[in-house]
Each structure stands twice: as C-alpha cells, then as structure tokens.
Amino acid sequence: MRNFLDRLGYKLSELMYGRYGVDAFTSFLVVVALAVMFVEILVPSGFLSLASLALLVYAFWRTCSKNASGRAAENRRYEELVRKPKAQVNLMYKRWKNRKTTVYFKCKGCGQVLSVPKGKGTLRVVCPKCRTEVRKKS
C-alpha cells in the first residue's frame, strides 16, 4: 500500500509539471465557491449549485492550465482589484490594534494617513508624501 501511495504522489507531481498551479485568484475562487455552497445549504436553489460548480471547475482549469502568462495576467488584475480594499482592512486592523498608543489622522494636503504617539502633547508632523506641516495634539 505504501508503495502505491508513493507512486501516486510521483505520478501526480509528474502530471502537474509545466502547469500553472494555485495562486491568489484561484484560492479566492475556491473560497467563494465554498461560501456559495454554504448559502445553497441554507437557501436551496439549483442556480447556486451550478454557480459553485462553475467556480470550482474554473479554479481547477486555472490550476491545470499550461498558459502561465495568461493566468499570471488574470492574477495581476485580481491583485490590482483587491489592493485598495486589502490596504483599508489592514489599516483598520492596525488602528484597532494600536488604538491605546497611537492617534491616526489624514494629511490635509494629500490624504495620506499619518500617526503620532498618544500623550506627547502638541506635535509638529511633516507628511512624508507631500511635505505638508501640521500641528497635531496627541
């Protein structure tokens, strides 16, 4: 049995040689398909089953594709699309995590988010992006 599993692993790796594999967009597609399957369990509908199946088939096709440049371009478009929302979520997390020690505010010149330590009095803050000087009470 052990020999069979070793050969199976070897054959699978041989099969995937030259294929694109899993990237961030493929992982996103699988997560969305699983979420749609969960909604299908709560609200039975034939359309949701077909949608989740289509997403899984597309994710599997992307994984097994030999057109690496095409799949990489799709992944770049996906990454560009989620870059700003991901940065906003990371900033919200950072603000929540440091809420006791740091004050966050936006630069009046360019909108860059700046931070100063709490409890240090009035500070002179220079925006690193646009060089606007602001006095901020911390």
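The face of helix α2 that is turned away from its buried side carries the exposed residues V31, F38, I41 and L42. Here buried means under 20% relative accessible area, exposed over 50%, and partly exposed in between, with a 1.4 Å probe and protein chains only. This is a predicted model, in which local features need pLDDT of at least 70 and side-chain atom pairs count only at pLDDT 80 or more, while totals for chains, interfaces and linings use all residues. Residues are numbered from 1 along each chain as its sequence is written, and side-chain values use heavy atoms, with hydrogens and water left out.

**Confidence and helices**

- The mean pLDDT of the protein is 89, and 100% of its residues reach 70 or more; pLDDT is the predictor's confidence in each residue, from 0 to 100.
- Among the elements, the lowest mean pLDDT (82) belongs to helix α1 (residues 2–16), and the highest (95) to helix α2 (residues 24–42).
- Helices (H or I, at least four residues) and strands (E, at least two) are DSSP runs, numbered from the N terminus.
- The 15 residues of α1 should span 21 Å at 1.5 Å a residue, and the end C-alpha atoms of α1 are indeed 21 Å apart; the expected span is 1.5 Å times one less than the number of residues.
- Just after α1, G18 takes a positive phi of about 85 degrees.

**Helix α2 and its two sides**

- For the 19 residues of α2, 1.5 Å a residue gives an expected span of 27 Å, which agrees with the 27 Å between its end C-alpha atoms.
- The buried residues in α2 are F25, T26, L29, A33, V36 and E40.
- These residues cover an arc of only 100 degrees around the axis, so they sit on the same side of α2; the arc is that of the directions from the helix axis to the C-beta atoms.
- The buried residues of α2 pack against α3 and α4 (68–97).
- V32 is found in α2 as well, and V32 is partly exposed, with a relative accessible area of 27%.
- V32 and S52 are 20 residues apart in sequence, and their C-alpha atoms are 7.8 Å apart in space.

**D23, at the start of α2**

- D23 is found in the loop between α1 and α2 and counts as buried at 10% relative accessibility.
- D23 caps the N-terminal end of α2, with a side-chain oxygen 3.4 Å from the backbone nitrogen of F25.
- The side chain of D23 makes polar contacts with the side chain of Y20 (3.0 Å) and with the side chain of R62 (2.6 Å).
- A polar contact is a pair of N or O atoms within 3.5 Å; within protein, one must be able to donate a hydrogen and the other to accept it, and residues adjacent in sequence count only if both atoms are side-chain atoms.
- Leaving aside neighbours within four places in sequence, D23 is in contact (heavy atoms within 4.5 Å) with R62, R71 and N75.

**R62, in helix α3**

- R62 lies in helix α3 (residues 46–64) and is buried, with a relative accessible area of 0%.
- Besides its polar contact with D23, the side chain of R62 makes a polar contact with the side chain of T26 (3.1 Å).
- Apart from neighbours within four places in sequence, the residues in contact with R62 are Y20, G21, D23, F25, T26, L29, R71, E74 and N75.

**Aromatic residues**

- The structure holds 4 aromatic pairs; rings of Phe, Tyr and Trp (its six-membered ring) pair if their centres lie within 6.5 Å, and planes under 30 degrees apart count as stacked, over 60 as edge-to-face and the rest as tilted.
- One of these pairs is F28 and Y78, whose ring centres are 5.2 Å apart and whose planes stand at 35 degrees, so the pair is tilted.
- This pair links distant parts of the chain, with F28 in helix α2 and Y78 in helix α4, 50 residues apart.
- F28 counts as partly exposed at 39% relative accessibility, whereas Y78 is buried, with a relative accessible area of 15%.
- The rings of Y58 and W61 have their centres 5.7 Å apart and their planes at 20 degrees, so this pair is stacked.
- Both Y58 and W61 lie in helix α3, 3 residues apart, about one turn of the helix.
- Y58 counts as partly exposed at 29% relative accessibility, and W61 counts as partly exposed at 43%.
- One aromatic cluster is formed by F25, F28, Y58, W61 and Y78.
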